Amino acid sequence: MIRELGALTRRELLRLARNPQAIMTSLLLPILYLLLFGQAFDLGAAVSPQALLFLVRGAPTYFSYFAAGMAGFVAVTATLFIGANVIFDRLFGVLKRTSSTPAGASAIFGSRLLAGIIQPVGLAFLVLGLAVALGKLGLAGLVVTASLSVVGVGEIILAVLILSVMFASLFLAIGFTIEQPQTYFAAVNAINLPVLLTSAALFPWGLMPAWFRNVASFNPITMAVNVIRENLFSGATAYYPYDASVYLLGLTAWAAAIIVIAILLARRALAPKA
Amino acid sequence: MAGSSGKGSVVADELTKVYNGKVRAVDGVSFTVSPGEVYGFLGPNGAGKTTTVAMLTAGLGATSGHATVDGVDVLRHPEEVKRRIGIVFQEMTSDGDLTGRENLELAAALYGVPRTEVASRVRGLLERMQVADAADRLAKTYSGGMRRRLELAVGTVHSPGVLFLDEPTLGLDPQGRAGFWKYVQELRREHGMTVFVTTHYLEEADGMCDRIAIIDHGHIVASGTPTELKDRLGGDIVTIRPIQSDHDVAPLLRTVPGVLSVAAQDGNYRVKCTNGEALVPALVDACARSQVGLAGVSLKRPSLDEVFLEFTGREFREDEGVSATDRAVMLGRVQNQLGGRR
């Protein structure tokens, strides 16, 4: 199992390394959000600094709050195509070849998951770095007000990693279930936007109506960006009801549930046809 | 059931596959392939060849029946069967985004080839399959023949006891097909592997297989060595094509001494005889005397083409029909549409 998992993961990473366009595409959406949405929406101009702190939960500027949200959202954009690769591998016969070998469904699923979650962590830090750099160029930029500890960085990595595991599993489950690329992308779009828009990645928390906050609290993207924001902004913990570790636990529960479903679907898809 | 079911053998006993409860793609097929034998499954598209291979290689569940491969029950231990066999599919299944070498290394790891042997085995196969020069090029840049040889290398990297080849030379030119078979024969000689091949190239089946089964509409209609099958025809075939197709000349042809049988088909008459060359003048003469104008006369020595015609009642055409899977998919679509209207 370990050797099969390693060999199949190597295959996924080789393919990824040979396709830098895929990495660029994953970055494109968060960058566009940073450059357009983030720059255009100057909440600080409309409210007092004290009110702003309440609206964006301790972040120094709306852009800083928003950039941390984008670092979490990268987990979605960077895993979007992972299920499409399953569909194309099925269309081009590669999945048939792999399924005909003794490699089990767990190795086939696990290798795609492992390779899929490496990219988002790197991209999340790239987005944060880019957001800081925008500030140096005279544009709205990310201002980190907390002194980052090793534990803090670890928590941010863990949050993006767990969120990536969850979304990668979800998109893999769809890829193993759906046979047509068009249907896959329709399904993914149907998930992608509602999940983003019901999270606290973009919208100022303080402006949300109470019912929306309740919905957003259970959104896994919200849980991940809460961890990022608590670690980036000094005094932000006062605006959050729970410690970052609680949000990490919530995220883990989400990821575990989705993984179980995804593995079951992958096993069914890779089992001999009835 | 008679025959060996041990190492290197392939045994099917009343193997049946029914799609959607209606399309009987494979219908009670039974056969035994002995260890080290090259066994050919010959038939047109939709005959049930690929479905049979899919069941034998644990890629498709059987509706009923029983099968063992290399002495292992396919239905009970599919994972063990996968470990013991090699497969070359009719479509390209190696990864075009990996190099030839990477494809082989991946297959070696998945089949559990000892780590210490992987490098030498991969190098040896790349050289044998004449793709060593392109070993570090992406497989998608290979020519059709090179890609086919790579497929064979991927399917045999673990030296399997039984090798399944499903239409392995589909789309290759004659030279490419000859090259492919040369490698199969070499591998077979060296490793003593059993080869189960499906094809609709008659000359391939004739030249490469120890025994052949002709499958049509999911049934095996004849089996034996190529020579046995051709001998069953009982001799040469003279085909007479009268100018006027509305006049039945079969009774006339049967009166000619040496004629064993006459069968009418599509306006032609297939005359079976022991010595066609000597009989042609007599047949032409008999027609002339009865004022039957002839548009053509041809003589064929027994071939698998003729064998196929004899046992299925129709000409062998390589592009004939749709596959059983396609038929099942089409049936499913029709059923869905009907269901949607209800």
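## A tour of chains A and B

Start in chain B of this predicted model by selecting strand β1(B) and strand β4 of chain B, residues 64-69, which run antiparallel and are joined by 5 bridges. Within that pairing, pick out Ala12(B), and you will find that Ala67(B) of β4(B) stands opposite Ala12(B).

Keep β1(B), which covers residues 10-19, on display and add strand β2 of chain B, residues 23-33; these two strands also run antiparallel, and 7 bridges join them. Return to Ala12(B) and look towards β2(B), where Phe31(B) is the residue that stands opposite. Now follow the chain from β1(B) into β2(B): the two strands form a hairpin with 3 residues between them, and in the turn Asn20(B) has a positive phi of about 55°.

Next, widen the selection to chain B as a whole and colour it by domain, with residues 10-229 as domain 1 and residues 234-301 as domain 2. If you place a marker at the centre of each domain of chain B, taken over C-alpha atoms, the two markers will be 42 Å apart.

Turn now to chain A and select helix α2(A), residues 20-40, together with helix α4(A), residues 62-77; they pack with their axes 9 Å apart and at an angle of about 160°. Because angles over 145 degrees count as roughly antiparallel, α2(A) is described as roughly antiparallel to α4(A). Seen as a crossing, the arrangement of α2(A) and α4(A) is right-handed.

Which residues of the two helices make this contact? On α2(A), show Ser26(A), Leu29(A), Pro30(A), Tyr33(A), Leu34(A) and Gly38(A), and on α4(A) show Phe63(A), Phe66(A), Ala67(A), Met70(A), Phe73(A), Val74(A) and Thr77(A). Coloured by class, the residues of this contact divide into 10 nonpolar and 3 polar, with no charged residue.

Finally, bring both chains into view and select the contact between them, to which chain A gives 19 residues and chain B gives 25 residues. On the side of chain A that touches chain B, highlight α1 (2-17) and α6 (94-99), each of which supplies at least two residues. Of these, α1(A) deserves a selection of its own, since the largest share of that side of chain A, 6 residues, comes from this helix. How do the residues on the side of chain A that touches chain B divide by class? Here the colouring gives 8 nonpolar, 3 polar and 8 charged residues.

Notes:
Residues are numbered from 1 along each chain as its sequence is written. Chains are lettered from A and ligands numbered from 1 in the order in which they are written. This is a predicted model: local features need pLDDT of at least 70, side-chain atom pairs count only at pLDDT 80 or more; totals for chains, interfaces and linings use all residues. Two residues are in contact if their C-beta atoms, placed from the backbone, lie within 7 Å. Helices (H or I, at least four residues) and strands (E, at least two) are DSSP runs, numbered from the N terminus. Ala, Val, Leu, Ile, Met, Phe, Trp, Tyr, Cys and Pro count as nonpolar, Asp, Glu, Lys and Arg as charged, and the others, Gly among them, as polar. Domain bounds come from an automatic or database domain assignment. Axes are lines fitted to C-alpha atoms, for helices over the stretch in contact, and angles run from 0 to 180 degrees between N-to-C directions. Angles under 35 degrees count as roughly parallel, over 145 as roughly antiparallel, 65 to 115 as roughly perpendicular and the rest as oblique. A crossing is left-handed if the near helix is turned anticlockwise from the far one by less than a right angle, and right-handed if clockwise. Two strands pair if DSSP finds at least two bridges between them.
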